[in-house]
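Work through the exercises below with the sequence and the model side by side, and try each task before reading its solution.

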Amino acid sequence: VLAELIEKFVSHLSESGTDCYFSTGSYKAMDADVKKENLSSLQQLGVEMTVRYGKYLNLLKEDAENGLCFVLMNCEAFLKQQQRTVVSSLCCLQEHYAGYDWFASSIFLIMSGDREKTLIFLQQFSCLLVSAFLWLPRLHLSMHLPVTTVEYGIHPVYFCSAHHVEMLLKAELPLVCSAFHVSGFTPSQICLQWITQCFWNYMDWSEICHYIAICIFLGPDYQIYMCISVFRHLQQDILKHTEA
């Protein structure tokens, strides 16, 4: 039901000129015969983890691995059409996105391993503003960002979402804010980790689905509210750890 709901919602918005924030260009999916060996060792590890988790949740069938590889390779090729060339020694500014694509993997699971549906959804989703915040590889070396922003290598999720989380945390949860200050960590570091991984390893699958759906339906600012609500939920634990 969730898959069908977000599919129809995103399809409807992507057909509306006023809701399309980014251009999508034209892209035709490459050959379906994509093997895991075509991916980097980090991506291969991510694929193994995703498939294992998907089977544990009874969402994926035996041949799911090739389907996910197909999605990841096509996403990379599709997004590459909208990238700049930047000469830099920073590992986050190399041709390939430095991390694993947890958002595309999450959508693959929501679509029960249907690679065509996943790819069509991601292509339509990529023209919406919320894609910049939920799908981190979306803006990797992106021509939609100013050159100076790209060259700094700092993702907009960090200086937009994570920054606003810190601002809200001071007002909403001053004790948690103080606890972070004492620890030498910043809440934005933790938030970036959560958001990059789509809350995998932090929330249950149903909650991950709710996070993705809420941000798609209500807007990217709900990413910030979600982080604040998690900090509120963890407040007693955070304060206890700070005392200890």
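**Salt bridges in a predicted model**

Across the whole structure, which is a predicted model, a search finds five salt bridges. Three of the pairs are taken up here.

**Exercise 1.** Determine which residue pairs with Glu 4 in a salt bridge, and how the two are placed along the chain.

*Solution.* Begin with the distance: the closest N and O atoms of Glu 4 and Lys 8 are 3.2 Å apart, and because the cut-off is 4 Å, the pair counts as a salt bridge. Next, consider the helix: both residues belong to helix H1 (residues 2-14), where they lie four residues apart, so about one helical turn separates them. Finally, turn to accessibility: Glu 4 is partly exposed at 47% relative accessibility, whereas Lys 8, at 56%, is exposed.

**Exercise 2.** Find the partner of Glu 7 and state which helices the pair links.

*Solution.* The partner is Lys 117, with the closest N and O atoms 3.9 Å apart. Locating the two residues then shows that the salt bridge links distant parts of the chain, since Glu 7 lies in helix H1 and Lys 117 in helix H5 (residues 115-125), 110 residues apart. As for accessibility, Glu 7 is partly exposed with a relative accessible area of 23%, and Lys 117 is partly exposed at 34%.

**Exercise 3.** Classify Glu 62 and Lys 55 as buried, partly exposed or exposed.

*Solution.* These residues form a salt bridge, their closest N and O atoms being 3.4 Å apart. Glu 62 has 68% relative accessibility and is therefore exposed, while Lys 55, at 32%, is partly exposed.

How values were computed. Residues are numbered from 1 along each chain as its sequence is written. This is a predicted model: local features need pLDDT of at least 70, side-chain atom pairs count only at pLDDT 80 or more; totals for chains, interfaces and linings use all residues. Side-chain values use heavy atoms; hydrogens and water are left out. A salt bridge is a side-chain nitrogen of Lys or Arg within 4 Å of a carboxyl oxygen of Asp or Glu. Buried means under 20% relative accessible area, exposed over 50%, partly exposed in between (1.4 Å probe, protein chains only).
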